[in-house]
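Open the model in your viewer and set it to cartoon, with side chains hidden. The stops below are meant to be taken in order.

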Amino acid sequence: MMKKLVIILLAVISFYSCKNETKSEVNLEENRAKSYDANDGFITMMGDFVYDADKKAAVLQTSNEIYGVIIDENLHQLNEKVEPFKTDQYTSVPVTIRVKRVENGNENSLWKYNLEVKEILKVEAPDPNKEDVIKLSNQ
């Protein structure tokens with residue numbers, strides 16, 4: 001009786017260890033973005049940044065959403081790094097930044113969330129062939 005129990009147990013263990021494991025492809029961009037993130041509640045975002053000092057408005061347009069950016073010292077540092085790439089005040093410049101996303105308390109705002117810049121990771125030259133334009137207004 002004991003031998004049968006041991007054989008059944010070994011058979012179950014061997015069948016369990018032979019299960020098929022599907023391996024997913026590694027997304028290098030996703031891993032690279034995760035490597036920027038520490039466990040501090042900040043997220044890494046890539047998008048086109050525009051700041052209009054006259055209207056005191058800044059936005060970051062990602063591939064699927066637009067965020068208002070909180071104007072503070074870090075935003076001014078980002079704007080200094082972006083400035084050499086601008087051809088006019090509405091030139092959008094690709095940036096990679098670490099941010100804190102906060103709900104927008106202003107009911108009249110167009111954006112559900114605002115971003116607070118915490119760290120500037122990369123500022124790139126805009127694509128000269130890109131024809132997208134972000135315009136800011138006080139509507």
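What follows is a tour of a predicted model, going from the overall layout through the strand pairs to the core and a few loop residues.

**Whole chain**

Colour by secondary structure. The protein chain has 3 helices and 5 strands, and from the N terminus on the elements run α-α-β-β-β-α-β-β. The chain holds 139 residues, of which 27% count as buried. Taking contacts between residues at least 6 apart in sequence, 62% join residues at least 24 apart.

**β1 and β2**

Select residues 43-52, which are β1, and residues 57-61, which are β2. The two strands run antiparallel and are joined by 5 bridges. For one facing pair, show F49 and L60: F49 stands opposite L60 in β2.

Now go to the loop between β1 and β2, where K56 lies. What sign does the phi of K56 have? The phi of K56 is positive, about 50°, although K56 is not a glycine. Most residues other than glycine have a negative phi. The hairpin of β1 and β2 that contains K56 has 4 residues between the strands. K56 counts as exposed because its relative accessibility is 64%, and the cut-off for exposed is over 50%.

**β2 and β3**

Add residues 66-69, strand β3, which runs antiparallel to β2 and is joined to it by 3 bridges. Here too there is a hairpin, with 4 residues between β2 and β3. Two facing pairs can be picked out: Q61 stands opposite I66 in β3, and V59 stands opposite G68 in β3.

**β3 and β5**

Keep β3 on screen and add β5, residues 113-123. Do β3 and β5 run parallel or antiparallel, and how many bridges join them? They run parallel, with 2 bridges between them. G68 stands opposite N114 in β5, while V69 has L115 as its bridge partner in β5. G68 therefore appears in two pairings, with V59 of β2 and with N114 of β5.**β4 and β5**

Next select β4, residues 93-103. β4 and β5 run antiparallel and are joined by 9 bridges. One facing pair to display is V95 with V123 in β5.

Show R101 and Y113 as sticks. The charged end of R101 sits over the ring of Y113, 4.1 Å from the ring centre. A search for aromatic pairs elsewhere will return nothing, as the structure holds 0 of them.

**The loop between β4 and β5**

Move along to N104, which is in the loop between β4 and β5. Is N104 buried or exposed? N104 is buried, because its relative accessible area is 16% and the cut-off for buried is under 20%. A polar atom of the N104 side chain lies 3.0 Å from the backbone oxygen of W111. Not counting residues up to four places away in sequence, N104 touches S109, W111, K112, Y113 and N114. Among these is Y113, whose ring has the charged end of R101 over it.

**The nonpolar core**

Hide the loops and show F49, L60, V69, L78, V95 and I97. These are the residues with the most contacts inside the largest nonpolar core, which has 17 residues. β1, β2, β3, α3, β4 and β5 each supply at least two residues of this core, with α3 spanning 73-82. Which element gives the largest share? β4 does, with 4 residues.

Centre the view on F49. Leaving aside neighbours within four places in sequence, F49 is in contact with A58, V59, L60, V69, L75, L78, N79, V82, T91, S92, V93 and V95. L60 in this list is also the residue opposite F49 in β2.

**T91**

From F49, step to its contact T91, which is placed in the loop between α3 and β4. T91 counts as buried because its relative accessibility is 11%. Show the side chains of T91 and T87: a polar contact of 3.0 Å joins them. The side chain of T91 also reaches the backbone nitrogen of D88, at 3.0 Å. Leaving out residues up to four places away in sequence, T91 touches F49, V50, F85, K86 and P126.

**Last view**

To finish, return to the cartoon and keep three residues as sticks: K56, N104 and T91. K56 lies between β1 and β2 and is exposed. N104 lies between β4 and β5 and is buried. T91 lies between α3 and β4 and is buried as well.

Methods:
Residues numbered from 1 in each chain as written. Predicted model: local features only at pLDDT ≥ 70, side-chain atom pairs only at ≥ 80, totals over all residues. Heavy atoms only, no water. Pairing = 2+ DSSP bridges. Phe/Tyr/Trp six-rings, centres within 6.5 Å; stacked < 30°, edge-to-face > 60°. Lys NZ or Arg CZ within 6 Å of the ring centre and 35° of its normal. Core = buried A, V, L, I, M, F, W, Y, C linked by side-chain atoms within 4.5 Å. Buried < 20%, exposed > 50% of the residue type's maximum accessible area, 1.4 Å probe, protein only. Contact = heavy atoms within 4.5 Å. Polar contact = N/O pair within 3.5 Å; in protein donor to acceptor, adjacent residues only side chain to side chain.
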